[in-house]
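Open the model in your viewer and display side chains as sticks. The stops below follow pairs of charged residues.

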Amino acid sequence: MATITQAKVIVTSPGRNFVTLRITTSDGVSGLGDATLNGRELAVASYLRDHVVPLLIGRDPARIEDMWHYLYKGAYWRRGPVTMTAIAAVDTALWDIKGKVAGMPVYDLLGGRARDGVLVYGHASGSSTAELLDDIARFRDLGYRAIRAQAAVPGAPGTYGVRHDAVYEPAAAALPEEQTWSTEAYLAAAPAYLTAVRENFGFDFHLLHDVHHRLTPTEAGHLGRRLEDLRLFWMEDPTPAELQESYRQIRQATTTPIAVGEVFNTIWDCQQLITERLIDYIRASVVHAGGITHLRRIFNLAELYHVRTGSHGATDLSPVSLSAALHLDSTVPNFGIQEYMEHDPLTQQVFRASYAFREGALYPSSAPGLGVEIDEEAASRFPYDRKYLPVGRRTDGSVHDW
Ligand code: EZ4
Ligand code: CO
């Protein structure tokens with residue numbers, strides 16, 4: 001039996017911070033898992049280094065399911081983003097190892113591909129409607145068949161999802177940027193710019209929009225109703241989801257499809273949302289929802305309830321996460337769509353991924369395992385750089401959901 005001989009936590013900041021776990025076995029096979037939690041990276045690095053790595057040495061890397069339960073139940077303290085991201089990193093690395101040992105891509109270990117390519121959506125944005133329309137045209141030219149649209153809102157400088165530089169990166173240096181938000185201004189602006197997108201580009205591509213948890217259920221239901229004729233693919237994160245039953249109110253108010261899940265850690269965060277059919281798409285991620293093993297469980301539960309998948313895939317998830325998501329997306333019958341933001345060139349100096357983009361879809365590579373390598377020498381050239389996600393405040397100064 002091979003055993004785990006080494007587990008190394010690699011912290012690097014090629015443009016933004018990433019935490020990666022590399023597990024190596026006595027046979028000399030190594031696998032990678034993403035452990036990045038935007039704005040709280042070192043908490044996961046410590047959870048791994050100080051508490052999990054000592055548990056891994058000497059264990060059988062083949063027993064992925066047992067390892068998941070050993071780390072989940074064995075900690076006694078359950079759930080939460082730090083714990084579940086650490087478990088995800090171990091789980092993902094063990095799937096990578098199992099694929100390399102078997103000489104198979106991970107999608108073959110998961111039952112084989114159920115589709116050729118994984119439909120992805122890109123992020124178009126603009127500081128005005130005109131700029132947004134130019135950006136939509138750019139994504140159409142690149143071959144995207146699904147595009148998320150976000151534009152700046154006059155009177156709400158903290159509008160989510162608008163790129164400031166060439167690359168979208170909301171985490172700011174030193175201390176969290178405090179951004180002003182106005183629900184009234186947003187509700188006036190968003191239907192207008194989304195309508196302009198359809199008027200200019202028609203209906204032969206999927207249009208998505210991210211509300212980023214900023215509305216109440218009543219406001220979200222109203223917005224969804226106003227957007228119905230635009231036939232959105234989905235309205236994302238209309239309201240925070242700690243109160244899962246609140247989605248019933250949105251559901252009853254509108255037929256605009258609803259997606260949620262990027263901050264979920266476990267199946268229990270979405271159990272009611274799925275089993276009571278309060279959402280159309282579950283948007284959890286490999287890295288924050290307990291790895292391939294647990295995300296597959298969530299996706300399988302969703303299948304029973306006609307809920308499709310919509311894996312989160314922002315650039316604060318490393319190429320290791322994206323690759324793991326693509327392997328899983330390829331295999332599940334209820335796949336919906338995968339978020340895709342191309343990683344910037346610095347990130348690509350550290351992570352060498354082998355998935356490919358063609359005609360609006362991503363194709364996982366057929367290399368054994370996940371098909372991503374990390375260049376540790378390159379990683380060491382980019383030391384950790386503490387950054388925080390912004391904090392939202394309403395115009396009266398009170399804290400709002402960012
Ligand atoms: O704000 O991943 O749909 N994508 C998103 C992301 C999140 C970031 C937070 O780290 O909402 O851009
Ligand atoms: Co989102």
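This predicted model holds 21 salt bridges. Side chains of opposite charge can pair when their charged atoms come close.

Select arginine 22 and glutamate 376 to begin. Their side chains form a salt bridge, with an N to O distance of 2.6 Å. The two residues lie 354 positions apart in the chain: arginine 22 belongs to strand β2 (residues 18-25) and glutamate 376 to helix α13 (residues 376-380). Arginine 22 has 16% relative accessibility and is therefore buried, the cut-off being under 20%. Glutamate 376, at 24%, counts as partly exposed.

Next, select arginine 393 and glutamate 178. In this salt bridge the closest N and O atoms are 2.5 Å apart. Here the pair joins two strands, β19 (residues 391-394) with arginine 393 and β7 (residues 178-181) with glutamate 178, across 215 residues of chain. Arginine 393 is partly exposed at 28% relative accessibility, and glutamate 178 is partly exposed at 48%.

Now move to arginine 283 and glutamate 339. The closest N and O atoms of their salt bridge are 2.9 Å apart. Arginine 283 sits in the loop between β11 (281-282) and α10 (291-304), while glutamate 339 is in strand β13 (residues 338-339), 56 residues away along the chain. Are these two partners buried or exposed? Arginine 283 is buried, with 0% relative accessibility, and glutamate 339 is buried as well, with 1%.

Keep that pair selected and add Glu236 and Glu262. Together with Arg283 and Glu339, these residues are linked in a network of salt bridges.

Notes. Residues numbered from 1 in each chain as written. Chains lettered and ligands numbered in written order. Predicted model: local features only at pLDDT ≥ 70, side-chain atom pairs only at ≥ 80, totals over all residues. Heavy atoms only, no water. Salt bridge = Lys/Arg side-chain N within 4 Å of Asp/Glu carboxyl O. Helix = DSSP H or I, 4+ residues; strand = E, 2+ residues; numbered from the N terminus. Buried < 20%, exposed > 50% of the residue type's maximum accessible area, 1.4 Å probe, protein only.
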